[in-house]
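The exercises below ask you to read a single protein chain from its sequence and its model. Each one gives a task and then a solution that goes step by step.

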Amino acid sequence: MLALRSAETAEDAGDLERAAAEYKRAASLDQPAAAGKAEDLRKRLVSRYTVSARTAFVKQDLNGSIRAWDKVLELEPNNDTAKLERQKALLLQKKVEGLK
């Protein structure tokens, strides 16, 4: 139960990354409801990082966009949108560097 409580505390504090890790740990210990909460939090993090990546891209913060897409891909390695958008940011970054 300690892992589940730790996850809930982290989530309440807004530390979603730590909460996700703790829910995952709680799920591995067969704690009730932990697997569902871990999946819900993973989806929330993917959404958060997607918004962050797109916002960074619009602001021409290509490094920030690439980092956020990397986080999406850590959580969802087969996310085709993240792969494509990350590639677009990398290509634009190379073009910008070529202009310098």
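**Exercise 1. Describe the surroundings of leucine 4: in which helix does it lie, is it buried or exposed, and which residues does it touch?**

Step 1. Leucine 4 belongs to helix α1, which covers residues 2-12; helices here are DSSP runs of H or I with at least four residues, strands are runs of E with at least two, and both are numbered from the N terminus.

Step 2. Leucine 4 counts as buried at 9% relative accessibility, where buried means under 20% relative accessible area, exposed over 50% and partly exposed in between, calculated with a 1.4 Å probe on protein chains only.

Step 3. Not counting residues up to four places away in sequence, leucine 4 touches Tyr23, Ala26, Gln31, Pro32 and Ala34, a contact being heavy atoms within 4.5 Å.

Step 4. Leucine 4 is also separated from glutamine 87 by 83 residues in sequence and by 37 Å in space, C-alpha to C-alpha.

Before going on, note that this is a predicted model, in which local features need pLDDT of at least 70 and side-chain atom pairs count only at pLDDT 80 or more, while totals for chains, interfaces and linings use all residues. Residues are numbered from 1 along each chain as its sequence is written, and side-chain values use heavy atoms, with hydrogens and water left out.

**Exercise 2. Which pattern does the protein chain follow along the sequence, and what does its radius of gyration say about how spread out it is?**

Step 1. The protein chain has five helices and zero strands, and read along the sequence it gives the pattern α-α-α-α-α.

Step 2. The radius of gyration of the protein chain is 16 Å, well over the 13 Å that the globule rule gives for 100 residues, so the chain is more spread out than a compact globule. This radius is taken over C-alpha atoms, and the globule rule is 2.2 Å times the number of residues to the power 0.38.

Step 3. Along its principal axes, the C-alpha trace of the protein chain spans about 55 × 25 × 15 Å.

Step 4. Of the 100 residues, 35% count as buried, and among contacts between residues at least 6 apart in sequence, 43% join residues at least 24 apart.

**Exercise 3. Work out how α3 and α4 pack, and place threonine 50 in that picture.**

Step 1. Two packed helices are described by the angle between their axes and the distance between the axes. The axes of α3 and α4 come within 8 Å and cross at roughly 160 degrees; axes are lines fitted to C-alpha atoms, for helices over the stretch in contact, and angles run from 0 to 180 degrees between N-to-C directions.

Step 2. α3 and α4 are therefore roughly antiparallel to each other, since angles over 145 degrees count as roughly antiparallel, under 35 as roughly parallel, 65 to 115 as roughly perpendicular and the rest as oblique.

Step 3. Threonine 50 lies in helix α3, residues 34-58, and is buried with a relative accessible area of 16%. Leaving aside its neighbours within four places in sequence, threonine 50 is in contact with Trp69 and Val72.

**Exercise 4. How do α4 and α5 cross, and with which residues is serine 65 in contact?**

Step 1. The axes of helix α4 (residues 62-75) and helix α5 (residues 80-99) come within 9 Å and cross at roughly 155 degrees, and the two helices are therefore roughly antiparallel to each other.

Step 2. Serine 65 has its place in helix α4 and is buried, with a relative accessible area of 0%.

Step 3. Leaving aside neighbours within four places in sequence, serine 65 is in contact with Ala53, Ala56, Phe57 and Ala89. Ser65 is listed among the α4 residues that meet α5, and Ala89 among the α5 residues that meet α4.

**Exercise 5. Where do aspartate 30 and alanine 33 lie, and what is the phi of each?**

Step 1. Most residues other than glycine have a negative phi, and most peptide bonds are trans.

Step 2. Aspartate 30 lies in the loop between α2 (16-28) and α3, has a positive phi of about 60 degrees although it is not a glycine, and is exposed with a relative accessible area of 69%.

Step 3. Alanine 33 is placed in the loop between α2 and α3; alanine 33 has a positive phi of about 70 degrees, although it is not a glycine, and counts as exposed at 55% relative accessibility.
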